[in-house]
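Okay, thanks for making time, everyone. Let me put the model up on the screen and we'll walk through it together.

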Amino acid sequence: MESGTARPLRLVIVDDHQIVLDGLKAMLLPYADQVEIVGEASRPDEAIRIVAEQQPDAVLLDVRLQNSSGLDLCADLLEQDPGCKIVFLTVYDNEQYLYQALRLGAAAYLLKRIEGSELVAYLTRVHEGETLVDPALASRVALSAARVQSGEFWPGAQLGLSQRESEVLALMVAGLSNRAIATKLFVSEETVKTHSRGIYRKLEVSDRAGAVAAALREGVFQ
């Protein structure tokens, strides 16, 4: 078969903002001979239905969706069709999100500053079987891997937590009280409260329950 007769890659796009969906469609329109948008969705249930109906070659989605998680949707879509190519396109240049996406089986993690021609090239490479990380994140991932190998990383480091904050959070997840944490770590209860405030600020939560939920959601201690 000649390259000119190859059918375009069939794509479903998922985003909870209509302006983003419209922007992506406009960006990909000049490449209609290479990428055909066969469906769009703004909600996870809608995305699951459309992907089941259309059987696309790839699904483009964000890490965060309104009142839900693109990571959870990724897991659901891959459970429904393990061969589906999930490509994250997001503004979140967060290594922890990247690691979670790759652990789930995503085929690519790209940032939204990408241009149309680049996106088409990446989608083509993903369709051919490659797993891709945005170049802006690749060097940081390599550095993280080097730090892990040298023993410089600890659970929670990717979220900006210090080693001591990570220890406190781990004990929170285990259900220990502030007093029990203080005893375990041989520090004062006030010191534990200080570390807790730092954890809440970095995880963007307001209390212990939020911190524990964030730790479990992000897979910090898996």
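I'll start with the overall picture, then go through a few sites and some helix packing.

So, first thing to say: this is a predicted model. What we have is a protein chain with 10 helices and eight strands. The chain has 222 residues, and 42% of them are buried. If you take the contacts between residues at least 6 apart in sequence, 64% of those join residues at least 24 apart.

Let's go to the start of the chain. Strand E1 covers 9-14, helix H1 covers 18-28, and in the loop between them you find Asp15. Is Asp15 buried or exposed? It has a relative accessible area of 2%, and since anything under 20% counts, Asp15 is buried. And what does its side chain do in there? One polar atom of the Asp15 side chain sits 3.0 Å from the backbone nitrogen of His17. There's also a side-chain to side-chain polar contact, with Lys112, again at 3.0 Å. Setting aside residues up to four places away in sequence, Asp15 touches Val20, Leu21, Ala41, Ser42, Asp62, Leu65 and Lys112. So Lys112 turns up both in that list of touching residues and in the polar contact with Asp15.

Next, helix H2, residues 44-54. Its buried residues are Ala47, Ile50 and Val51. Look down the axis of H2 and those buried residues fall within an arc of 100°, so they line one face of the helix. What covers them? The cover includes E1, strand E2 (35-41), strand E3 (58-61) and H3. Right after H2 comes Gln55, and Gln55 has a positive phi, near 50°.

Let me stay with backbone angles for a second. Most residues other than glycine have a negative phi. Here are two more on the positive side. Phe186 has a phi near 60°, and it isn't a glycine. You'll find Phe186 in the loop between helix H8 (178-185) and helix H9 (189-203). With 76% relative accessibility, Phe186 counts as exposed. The other one is Glu204, also not a glycine, with a positive phi of about 60°. Glu204 is in the loop between H9 and H10, and it's exposed too, with a relative accessible area of 68%.

For a contrast with those exposed residues, go to Leu137, which is in helix H6, residues 135-149. Leu137 is at 0% relative accessibility, so it counts as buried. Leaving out neighbours within four places in sequence, Leu137 is in contact with Asp93, Leu98, Tyr109 and Leu111. Its C-alpha is also 8.7 Å from the C-alpha of Leu110, and those two are 27 residues apart in sequence.

Okay, helix packing. Two packed helices are described by the angle between their axes and the distance between the axes. Take H3, residues 70-80, and H4, residues 95-104: their axes come within 10 Å and cross at roughly 10°. Anything under 35 degrees counts as parallel here, so H3 and H4 are roughly parallel to each other. On the H3 side, the contact is made by Leu71, Cys74, Ala75 and Leu78, and on the H4 side by Tyr97, Gln100, Ala101 and Leu104. By class that's seven nonpolar residues, one polar and no charged.

Now over to H7, residues 163-173. How does H7 pack with H10, residues 208-218? The angle is about 95°, and the axes are 9 Å apart. H7 and H10 are therefore roughly perpendicular to each other. From H7 you get Leu169, Met172 and Val173, and from H10 you get Arg208, Ala211, Val212, Ala215 and Leu216. That contact divides into seven nonpolar, no polar and one charged.

H7 also packs with H9, at an angle of about 90° and with the axes 9 Å apart. That makes H7 roughly perpendicular to H9 as well. H7 brings Arg164, Glu165, Val168, Leu169 and Met172, while H9 brings Val192, His195, Ser196, Gly198, Ile199, Tyr200, Lys202 and Leu203. By class, the contact of H7 with H9 has seven nonpolar, three polar and three charged residues. Note that Leu169 and Met172 of H7 are in the contact with H9 and also in the contact with H10.

That's my tour, so over to you.

Technical notes: Residues are numbered from 1 along each chain as its sequence is written. This is a predicted model: local features need pLDDT of at least 70, side-chain atom pairs count only at pLDDT 80 or more; totals for chains, interfaces and linings use all residues. Side-chain values use heavy atoms; hydrogens and water are left out. Axes are lines fitted to C-alpha atoms, for helices over the stretch in contact, and angles run from 0 to 180 degrees between N-to-C directions. Helices (H or I, at least four residues) and strands (E, at least two) are DSSP runs, numbered from the N terminus. Angles under 35 degrees count as roughly parallel, over 145 as roughly antiparallel, 65 to 115 as roughly perpendicular and the rest as oblique. Contact means heavy atoms within 4.5 Å. Ala, Val, Leu, Ile, Met, Phe, Trp, Tyr, Cys and Pro count as nonpolar, Asp, Glu, Lys and Arg as charged, and the others, Gly among them, as polar. Buried means under 20% relative accessible area, exposed over 50%, partly exposed in between (1.4 Å probe, protein chains only). A polar contact is a pair of N or O atoms within 3.5 Å; within protein, one must be able to donate a hydrogen and the other to accept it, and residues adjacent in sequence count only if both atoms are side-chain atoms. The arc is that of the directions from the helix axis to the C-beta atoms.
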